[in-house]
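Work through the exercises below with the sequence and the model open side by side. Each task is followed by a solution in steps.

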Amino acid sequence: MPVMRRTMAAVLLGLFLAVAASAPASAERDIPQVGYMDLMRRIASEKGKAVLVNFWATWCAPCRQEIPHLKKLREEYDREDLVMLGVSVDQGVKYVKLFLENNELNYPVLFAKRDAVQGFRISGVPRTIVFAPSGERVFSQEGYMDHEQLKGVVESALNRDQ
């Protein structure tokens, strides 16, 4: 990743963290906020299923381009085999709510607390992390993924424990 791009990602992440820390609680009523341990408990509770966690933001063009591929993936796998979570790193919940009013998603969307971003070491979005049915983290990638790439990663995770 070129230095300029890394610097821009770091600046945007810093801005997000500063704003997220001061977000008013009243704006957070419909979209659950999750911290690092909340996500880890959720992943652990889904043992026996592959878990795909996609960190994204409404302002991120590659994230928005990736969403149709994630929706298609959700349609192709039974919920007993694959759990999908979208975790927004937006500057505030209101942006996510507005986005979801205009864009229907077929998987749950959560809002990342500061410690979730830090705990998962999110330095840019989109970031896709996949856990095998055993709970082991088997994949992590920053950057856009098309449908075939996402499907290949999920298939690999599902077949890993067999």
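## Exercise 1: a lysine in a loop

Lys49 sits in the loop that runs between α2 (36-45) and β2 (50-56). The model is a predicted one.

Task: decide whether Lys49 is buried or exposed, and find which residues Lys49 is in contact with, leaving aside neighbours within four places in sequence.

Solution.
- Step 1. The relative accessible area of Lys49 is 19%.
- Step 2. Buried means under 20%, so Lys49 counts as buried.
- Step 3. With neighbours within four places in sequence left aside, Lys49 is in contact with Arg79, Glu80, Asp81, Val83, Phe131, Ala132 and Pro133.

## Exercise 2: the strand after the loop

Task: state how many residues of β2 are buried and which of them point one way and which the other way.

Solution.
- Step 1. Of the 7 residues in β2, 7 are buried, and the strand is mostly covered.
- Step 2. Ala50, Leu52, Asn54 and Trp56 point one way.
- Step 3. Val51, Val53 and Phe55 point the other way, and these are buried as well.

## Exercise 3: the sheet

Task: give the order of the strands in the open sheet, name the edge strands, and describe how the strands are joined by bridges.

Solution.
- Step 1. The sheet has 6 strands in the order β1-β4-β3-β2-β5-β6, and its pairing is mixed.
- Step 2. β1 and β6 are the edge strands, since each pairs on one side only.
- Step 3. Begin with β1 (residues 33-34): 2 bridges join this strand to β4, and the two run parallel. Val34 stands opposite Ala112 of β4.
- Step 4. β4 pairs with β3 (residues 82-88) over 3 bridges in the parallel sense. Here Val87 has Leu110 of β4 as its bridge partner.
- Step 5. β3 and β2 run parallel and are joined by 7 bridges. Phe55 stands opposite Val87 in β3, and Asn54 is opposite Gly86 in β3.
- Step 6. β2 is joined to β5 by 5 bridges, and this pair runs antiparallel. Leu52 stands opposite Val130 in β5.
- Step 7. Val87 has now appeared twice, as the partner of Leu110 in β4 and opposite Phe55 of β2.

## Exercise 4: crossovers

Task: find which helix joins β3 and β4 in a β-α-β unit, and which helix does so for β2 and β3.

Solution.
- Step 1. β2, α3 and β3 form a β-α-β unit, which is right-handed.
- Step 2. β3, helix α4 (residues 93-102) and β4 form a right-handed unit too.
- Step 3. In β4 (residues 109-112), Val109 and Phe111 point one way, Leu110 and Ala112 point the other way, and all are buried.

## Exercise 5: Ala57 and the disulfide

Task: place Ala57, list what Ala57 touches, and describe the disulfide.

Solution.
- Step 1. Ala57 lies in the loop between β2 and α3.
- Step 2. Its relative accessible area is 0%, so Ala57 is buried.
- Step 3. Not counting residues up to four places away in sequence, Ala57 touches Cys63, Val89, Asp90 and Val125.
- Step 4. Ala57 and Ser88 are 31 residues apart along the chain, and their C-alpha atoms are separated by 5.2 Å.
- Step 5. Cys63 is joined to Cys60 by a disulfide, with an S to S distance of 2.4 Å. The structure holds 1 disulfide.
- Step 6. The link of Cys60 and Cys63 is right-handed, with 80° about the S-S bond. Both cysteines are buried.

## Exercise 6: the buried side of a helix

Task: name the buried residues of α6 and state what they pack against.

Solution.
- Step 1. Helix α6 (residues 147-160) has 14 residues and reaches 20 Å from first C-alpha to last, close to the 20 Å expected.
- Step 2. Its buried residues are His147, Leu150, Val153, Val154, Ala157 and Leu158.
- Step 3. They lie on the same side of α6, because they cover an arc of only 135° around the axis.
- Step 4. In an α-helix there are 3.6 residues a turn, so residues three or four places apart point the same way.
- Step 5. The buried residues of α6 pack against β2, α3 (61-76), β3, β5 (127-131) and β6 (137-142).

Methods
Residues are numbered from 1 along each chain as its sequence is written. This is a predicted model: local features need pLDDT of at least 70, side-chain atom pairs count only at pLDDT 80 or more; totals for chains, interfaces and linings use all residues. Side-chain values use heavy atoms; hydrogens and water are left out. A disulfide is a pair of cysteine sulfur atoms within 2.5 Å. Buried means under 20% relative accessible area, exposed over 50%, partly exposed in between (1.4 Å probe, protein chains only). Helices (H or I, at least four residues) and strands (E, at least two) are DSSP runs, numbered from the N terminus. Two strands pair if DSSP finds at least two bridges between them. A crossover is right-handed if, with the strands pointing away from the viewer, the path from the first strand over the helix to the second runs clockwise. Contact means heavy atoms within 4.5 Å. The expected span of a helix is 1.5 Å times one less than its number of residues. The arc is that of the directions from the helix axis to the C-beta atoms.
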